[in-house]
Amino acid sequence: MDIRTLLLVEDNPQDEKLTLRALDKIHVANRVEVVRDGAEALDYLFATGPYAHRAGKELPAVVLLDLMLPKLSGLEVLARIRGDSRTRRLPVVILTSSDDEKDLVRSYYLGSNSYVRKPIDPGEFTRAVAQVGLYWLALNQPPPPSQ
């Protein structure tokens, strides 16, 4: 089985730390790449700017995407991901503190695969991320790459 990358798009250092700790706790063997704003996420995914060296490299297994990001919002990033044939089928999990129903509805409308609210309690946050990580990295069976 090949080990694919998980892309974490998170601008909050505390949430980043908790997410990485949760993934470590479940012994995720996948490499985790962290980007801290919407523009950087798109550069990573489309191998542009500082990530031009990624051209021709495999996409991540899943993107954990915060909604409230600098430069471009998570919803803008999601729309760009779904609007490009190279990334259209890439699993995207919204991982956000937003409890705004409009964000939830818009995320699914734009094609998110899942929407997870970040619990306020650090222990609950760790358990939630661990469950998301286990599902998307170990249990989910993605479709084969398009030809």
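## A pocket, a sheet and two loop residues

The second largest pocket is lined by 13 residues, and Thr5, Arg31, Tyr44, Arg54 and Glu58 lie nearest its centre. A pocket is an open set of points on a 1 Å grid over the protein atoms alone, where a 1.4 Å probe fits, with protein on both sides within 12 Å along at least five of seven lines; lining residues have an atom within 4 Å of a point. This pocket's volume is about 160 Å³, counted as the space filled by probe spheres set on the points. Its lining has five nonpolar, two polar and six charged residues.

The model is predicted: local features need pLDDT of at least 70, and side-chain atom pairs count only at pLDDT 80 or more. Residues are numbered from 1 along each chain.

Now the sheet. Five strands form an open sheet, ordered E2-E1-E3-E4-E5, with parallel pairing. Strands E2 (32–35) and E5 (114–117) stand at the edges, each with a single partner strand, so one side of each has no neighbour in the sheet. Strands are DSSP runs of E with at least two residues, helices runs of H or I with at least four. Two strands pair if DSSP finds at least two bridges between them. Four bridges join E1 (residues 6–9) to E2. Leu7 has Glu33 in E2 as its bridge partner.

Two residues have positive phi although neither is a glycine. Buried means under 20% relative accessible area, exposed over 50% (1.4 Å probe, protein chains only).

| Residue | Phi | Loop | Relative accessible area |
|---|---|---|---|
| Ala47 | about 55° | between H2 (38–46) and E3 (62–65) | 17%, buried |
| Lys71 | about 70° | between E3 and H3 (74–82) | 66%, exposed |

Terms used:
Heavy atoms only, no water. Nonpolar A, V, L, I, M, F, W, Y, C, P; charged D, E, K, R; others polar.
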